[in-house]
Structures are given as C-alpha cells and as structure tokens.
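Take a look at the chain below. Start with how far the model can be trusted, then follow the fold from end to end.

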Amino acid sequence: MEKEAVILRGEAIKEQKKRVAIGEAEAIELVQKATAEALERLNAANPNEAVLQLKVLEAFEKAADGKATKIIIPSEIQGLAGLAAGIKEMITADATQTEPADSPAQPQA
C-alpha cells in the first residue's frame, strides 16, 4: 500500500508540473501572437522614421528597466542622441540671436 501511495504521489507531481509547463507555454504563445499582431498593424500603418525611432526608444526603455545586466545600444539611438544635440544647439543659437540688448556696447579703453 505504501509503495502505491508513493507512486501515485509521484504521478500527481508529474502531472502538476506538466500542466504548469503547458500553461506557461500557452501564455508565452499568446504574448508572442499579440506582439506579432501589433507589428503587423504597425507595418500596415506605414510608419515614418519618427514613429520607428519612438518604438526603438520604447524597446530600449523596457530593456533598461533594471532587470537587464547588459545593455546594448543600437547605432540608431546613438544617431538620435546626435540629432538631439543638434536640435539643442539650434534652439540655443535661436535664443541668443533673439535676445534684446540691454544697453549699447561700450568701447573698452
């Protein structure tokens, strides 16, 4: 009797692990299908470069949530950083050009 109980307990544990694995696999499949559908919809919308850059940044944000031990920065993001620096320079240059002068320049002796 004790031998049968041990065998039944082992079979129950085996069945439980199998069902948990099947449930996890189904959950992963659902997430992957949803991701694929989102990508198909995004492609169907014919996105411009700005939308694609935004999606890259969103993916980067998820990668940098603190769970990753290594972060690889794609070259597109490096280019985006250069673009941001260029825009900042343009804004700074515009601001300095439009500032009114408080007093005329005094010649130095």
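This is a predicted model, and its mean pLDDT over the protein chain is 78. Of the residues, 68% reach 70 or more. Confidence varies along the chain. It is highest in H1, at a mean of 92. It is lowest in helix H3, residues 75-98, where the mean is 68.

The fold is simple to list. The protein chain holds three helices and zero strands. Read from the N terminus, the order is α-α-α.

Begin with H1, which covers residues 2-44. Is its length in line with its residue count, and what do the numbers say? At 1.5 Å a residue, its 43 residues should span 63 Å. The end C-alpha atoms of H1 are 63 Å apart, so the expected span and the model agree. Just after H1 comes Asn46, with a positive phi of about 50°. Helix H2 then takes up residues 49-63.

Where do H1 and H2 both contribute? Each supplies at least two residues to the lining of the largest pocket. This pocket has a volume of about 300 Å³. H1 gives the largest share of the lining, six residues. Among the lining residues are Ala34, Thr35, Ala38, Leu39, Leu42 and Asn43. The lining also includes Leu52, Lys55, Glu58, Ala59 and Lys62. An α-helix has 3.6 residues a turn, so residues three or four places apart point the same way. By character, the lining divides into six nonpolar, two polar and three charged residues.

Finally, turn to the surface. How many of the 109 residues count as buried? The share is 2%. The protein chain exposes about 10100 Å². Carbon and sulfur atoms supply 60% of that area.

Conventions:
Residues are numbered from 1 along each chain as its sequence is written. This is a predicted model: local features need pLDDT of at least 70, side-chain atom pairs count only at pLDDT 80 or more; totals for chains, interfaces and linings use all residues. Side-chain values use heavy atoms; hydrogens and water are left out. Helices (H or I, at least four residues) and strands (E, at least two) are DSSP runs, numbered from the N terminus. The expected span of a helix is 1.5 Å times one less than its number of residues. On a 1 Å grid over the protein atoms alone, a cavity is a set of points where a 1.4 Å probe fits but cannot get out, and a pocket is an open set with protein on both sides within 12 Å along at least five of seven lines; lining residues have an atom within 4 Å of a point. Grid points are joined across faces, edges and corners, and a volume is the space filled by probe spheres set on the points. Ala, Val, Leu, Ile, Met, Phe, Trp, Tyr, Cys and Pro count as nonpolar, Asp, Glu, Lys and Arg as charged, and the others, Gly among them, as polar. pLDDT is the predictor's confidence in each residue, from 0 to 100. Buried means under 20% relative accessible area, exposed over 50%, partly exposed in between (1.4 Å probe, protein chains only). Accessible areas come from the Shrake-Rupley method with a 1.4 Å probe; for residues, only the protein chains shown count as cover.
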